[in-house]
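Got the viewer open? Let's take a walk through this one, selection by selection.

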Amino acid sequence: MRITQKTLYDYGELLPEICQASKDENLEFLLLLIAAKTDIEQTYASQCNNYSVLVTCYDEGQPDEYAIVPHDYTL
């Protein structure tokens with residue numbers, strides 16, 4: 001399982017990325033972004049804007065994963 005890419009999405013960028021993933025018909029990535037957005041909203045409520053999502057992509061056949069990180073997180 002080799003990491004191919006790590007991307008940091010600000011909470012405010014998630015909705016446009018969800019829309020783009022739906023246009024690209026990338027169902028797996030779309031569901032991952034929706035789950036990440038939902039988790040941030042349920043966990044941090046009014047403080048959502050203080051958090052980002054770190055998406056880690058792996059080789060083909062491996063599921064991608066995400067982690068919720070504070071804004072001061074650096075790659």
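Here is a short tour from the core to the cysteines and then out to the surface. Keep in mind as you click around that this is a predicted model.

**Stop 1: the core.** Start by selecting Y9, L14, F29, L33, I40, V53 and V55 and showing their side chains. The largest nonpolar core has 15 residues, and these are the members that touch the most others. Now colour by secondary structure: α1 (14-23), α2 (27-44) and β2 (51-58) each give two or more residues to this core. The largest share comes from α2, which puts in six residues.

**Stop 2: Y9 and its surroundings.** Next, centre on Y9. Which residues is Y9 in contact with, leaving aside neighbours within four places in sequence? You should find L14, E17, F29, L33, S52, V53 and V55. Several names come back from the first stop: L14, F29, L33, V53 and V55 are among the core members with the most contacts to other members.

**Stop 3: the cysteines.** Now select C19, C48 and C57 and show the sulfurs. How many disulfides does the model have? The count is zero. To see why, take the distances one at a time, with a cut-off of 2.5 Å between sulfurs in mind. From C48, the closest cysteine sulfur belongs to C19 and sits 17 Å away, so a bond is out of reach. From C57, the closest is again in C19, this time at 19 Å, which is also too far for a bond. Try a surface view here: C48 is buried, at 5% relative accessibility, and C57 is buried as well, with a relative accessible area of 14%.

**Stop 4: around C57.** Stay on C57, which lies in strand β2, and bring up R2. These two are 55 residues apart along the chain, yet their C-alpha atoms are separated by 8.7 Å. Expand the selection to what C57 touches beyond four places in sequence, and you pick up R2, I3, T4, Q5 and D64.

**Stop 5: out to the surface.** Finally, select L27, L31 and I34. Together they make a nonpolar surface patch of about 280 Å². Click on I34 to finish: this residue lies in helix α2 and is partly exposed, with a relative accessible area of 37%. So α2 appears on both sides of the tour, giving the core six residues and carrying I34 of the patch.

Key: Residues are numbered from 1 along each chain as its sequence is written. This is a predicted model: local features need pLDDT of at least 70, side-chain atom pairs count only at pLDDT 80 or more; totals for chains, interfaces and linings use all residues. Side-chain values use heavy atoms; hydrogens and water are left out. A nonpolar core is a set of buried Ala, Val, Leu, Ile, Met, Phe, Trp, Tyr and Cys residues joined through side-chain atoms within 4.5 Å. Buried means under 20% relative accessible area, exposed over 50%, partly exposed in between (1.4 Å probe, protein chains only). Helices (H or I, at least four residues) and strands (E, at least two) are DSSP runs, numbered from the N terminus. Contact means heavy atoms within 4.5 Å. Patches are made of residues with over 30% relative accessible area and no salt bridge: like charges are joined within 9 Å, nonpolar side chains (Val, Leu, Ile, Met, Phe, Trp, Tyr) within 5 Å. Accessible areas come from the Shrake-Rupley method with a 1.4 Å probe; for residues, only the protein chains shown count as cover. A salt bridge is a side-chain nitrogen of Lys or Arg within 4 Å of a carboxyl oxygen of Asp or Glu.
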